[in-house]
Amino acid sequence: MTEIELPLMGTDVDCACGRVHRILTRAIQVEEGVMDRIPALMEAYGMGGRCLIVSDTNTYAAAGQYVEQVLRQAGRPVSSLVIARKSVHADEETLGEIMMAMEPRPDVLIAVGTGSLNDSTRYVARHVGLPYFVVATAASMDGFASTVTPVCKDGIKLTYSGVHPQMVLAEPAVLAAAPMELAAAGFGDILGKRTALMDWTLACDITGEAYCPVVADMMEQAMQACLETAPGLGRRDPSSVTALMKALALSGVAMQMHGNSRPASGVEHHISHFLEMRDLARGKPASLHGDKVGVASLIGLSIYEKFFTEQPPEQGERLEGAAWERAMEEAFGQRLAPRMVEAAKPYFLDEASWAAYRTSFIGHWDTYRSQVAGFAALREQGARALEQAHGPVLPQQMGYTRQDVLDAIRFARFVRPERPTILTWAANWGRLDAIAEEIADALYQ
């Protein structure tokens, strides 16, 4: 199995791309006995004083109680917030619970868990000016070492700046004991880097967006190593789960180095976020983030295949004006649509800008057409790997209808309108609606 090579933590990297990348996280350790070393690691990295542990009932049982015991035995004053709700999201309710638990005021925050707990603790840590670190209980997502924080605010998925974790720690035995579907979700999150990297490269070629081949290579390394873990994940093999966790951590470091989530998040994440917003609006229990990302990455590969046909397509009809606003209301609902519309308006391209981008596209067309020629094989490989990891392959396995998929492909670009993906370009070319219908027909035949 390919060994993940993490860059040197806590350093500045003078990169060949011309930028200096900062890696602020001091340690990433995925190894046996690391929880016993938490007091020593905290001392080594200057984290003294009172600790507040943030967990839910499952993660407290998996690791939080043990971390609390280790800290108390080391003489550390510690408080523990155990969120008892069945479903925990990074939203106003969770953020409020953490804020209310900060009495007496701690000096260090410790997230014990995965996605929502880590995101919520990171958000609070940034706004109250405290260091934090995470003890992972499952290899379920790639945001452990990230500095960006996706939060649901009033039903809308928004991305905020966060703060880096001082440490990312995990015990292989704890990761392997987690529910199997969590590792499958982590695998899906990494699988999505194929389309994320394609979107990033495309934006670089078409708009001149900043790009770093070193960071992109890190994401490629994480993705390739992850593909090798799929059979072992289904068997709860500790070495496979450890390799997956390191790949997820490497993805977060890549985001940290670039300064945002662009290297790891593209069309597949926008579709995932759209579906999560729809779940919240309906009061439907949300499927796992990584499950949605994995399935959406297969959809994203199909969008690329269908968009880059043999020749550049003729300009189709672009949905604009009152018709667009009515369609947005159907997709997002009467409550959310007005805010989504206003947020998207500054990013609509005028005719002159689109004409320039279209010319650039045609200049790069043959290059991308040759790349997507291999995407059918990539989709088959990805679907097979998701099945081996015991993750979903089709949206209907997560309870999504044909209409949900149609709406997600057509409107997910408005979740983050400032970040262009293949959805943005296909829509501007007037091809997105037709592509959405073709993909939905194939998925729900």
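This is a guided tour of a predicted model, with a selection to make at each stop and a description of what is found there.

Residues are numbered from 1 along each chain as its sequence is written, and the side-chain values use heavy atoms, with hydrogens and water left out. Because the model is predicted, local features need pLDDT of at least 70 and side-chain atom pairs count only at pLDDT 80 or more, whereas totals for chains, interfaces and linings use all residues. Helices (H or I, at least four residues) and strands (E, at least two) are DSSP runs, numbered from the N terminus.

**Strand 4 and its neighbours**

Begin by selecting residues 51–56, which form strand 4; six of the six residues are buried, so this strand is largely enclosed by the rest of the structure. Here buried means under 20% relative accessible area, exposed over 50%, and partly exposed in between, with a 1.4 Å probe and protein chains only. In a regular strand the side chains alternate between the two faces of the sheet. In strand 4 both faces are covered, with Cys51, Ile53 and Ser55 buried on one side and Leu52, Val54 and Asp56 buried on the other.

Add residues 78–83, strand 5, which runs parallel to strand 4 and is joined to it by six bridges; two strands pair if DSSP finds at least two bridges between them. Within this pairing, Val78 is the bridge partner of Cys51. Bringing in helix 2 (residues 57–73) completes a right-handed β-α-β unit of strand 4, helix 2 and strand 5, where right-handed means that, with the strands pointing away from the viewer, the path from the first strand over the helix to the second runs clockwise.

Next, select strand 6 (residues 108–113), which is also parallel to strand 4 and is joined to it by four bridges, with Ala111 standing opposite Val54. In the loop between helix 3 (92–100) and strand 6 lies Pro104, and the peptide bond that joins Glu103 and Pro104 is cis, with omega about 5 degrees.

**A hairpin**

Move to strand 8 (residues 148–153) and strand 9 (residues 156–161), which run antiparallel and are joined by six bridges. Lys153 stands opposite Ile156, and of the two residues between the strands, Asp154 takes a positive phi near 55 degrees.

**Two loop residues with positive phi**

Most residues other than glycine have a negative phi, and most peptide bonds are trans. Select Arg236, in the loop between helix 8 (213–233) and helix 9 (238–258), where phi is near 60 degrees; at 36% relative accessibility, Arg236 counts as partly exposed. Then select His390, in the loop between helix 14 (375–388) and helix 15, which has a positive phi of about 70 degrees and is partly exposed, with a relative accessible area of 46%.

**The second largest pocket**

Finish at the second largest pocket, which has a volume of about 390 Å³. Of the 21 residues that line this pocket, the closest to its centre are Leu319, Arg413, Phe414, Ala427 and Asn428. On a 1 Å grid over the protein atoms alone, a pocket is an open set of points where a 1.4 Å probe fits, with protein on both sides within 12 Å along at least five of seven lines, and lining residues have an atom within 4 Å of a point. The volume is the space filled by probe spheres set on the points, which are joined across faces, edges and corners. Helix 16 gives the largest share of the lining, three residues.
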